[in-house]
Amino acid sequence: MKVNQIYVNLPVKDIQKTKEFWTTLGFEINEQFSDDKAVCVAMKDDNIYVMFLKEDYFQTFTNKPVAKENTSQVLVAVGLNSREEVDQVVNTALQNGCSQHEEPQDYGWMYQNSFWDLDGHGWNITYADISQMLTQ
């Protein structure tokens, strides 16, 4: 079995700020799945999306409480095409109200930088050259 699409759903406090933040980072919004309760950010073509749902709307999908500040339930890792893209995304995030998650990590074949977004979700942004992994 192969998955043909993925939608990651995350609760947020402010839909408009979230939309502005992700477009500032260079990601496109899928307006078809966005409204005043949700914003759909296309991470890759028509295959990978993050649905940022206003907290009260998010609660209609689960009977479990939304994690509050100073807690963590998920770290999202996304791969980009270069170390430069990784740092560009993280630096732009930091300039727009986010905080550093960890210091950048360089493993030779893989580079990672990370941030906590406006609602405290963790984002590990990576670049990996698998061909170099075998030589390390």
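**Burial of S82 and salt bridges in the predicted model**

At a relative accessibility of 17%, S82 counts as buried, because the limit for that class is under 20%. The structure is a predicted model. S82 is placed in the loop between strand 5 (75–79) and helix 3 (83–95). A polar atom of the S82 side chain lies 3.0 Å from the backbone nitrogen of E85.

Side chains of opposite charge can pair when their charged atoms come close. Four salt bridges are present in the structure, and three of them are described here.

One salt bridge joins the side chains of E55 and K13, with an N to O distance of 3.2 Å. E55 belongs to helix 2 (residues 55–58), whereas K13 lies in the loop between strand 1 (6–12) and helix 1 (15–24), so the pair ties together parts that are 42 residues apart in sequence. K13 is classed as partly exposed, at 49% relative accessibility.

A salt bridge also forms between K19 and E31, whose closest N and O atoms are 3.1 Å apart. This pair links distant parts of the chain, with K19 in helix 1 and E31, twelve residues apart from it, in the loop between strand 2 (28–29) and strand 3 (38–44). K19 is partly exposed at 24% relative accessibility, and E31 is likewise partly exposed, with a relative accessible area of 46%.

The side chains of R83 and D106 meet in a further salt bridge (2.8 Å, N to O). R83 is located in helix 3 and D106 in strand 7 (residues 105–106); the pair therefore ties together parts that are 23 residues apart in sequence. Relative accessible areas of 32% for R83 and 47% for D106 place both residues in the partly exposed class.

Notes: Residues numbered from 1 in each chain as written. Predicted model: local features only at pLDDT ≥ 70, side-chain atom pairs only at ≥ 80, totals over all residues. Heavy atoms only, no water. Helix = DSSP H or I, 4+ residues; strand = E, 2+ residues; numbered from the N terminus. Buried < 20%, exposed > 50% of the residue type's maximum accessible area, 1.4 Å probe, protein only. Polar contact = N/O pair within 3.5 Å; in protein donor to acceptor, adjacent residues only side chain to side chain.
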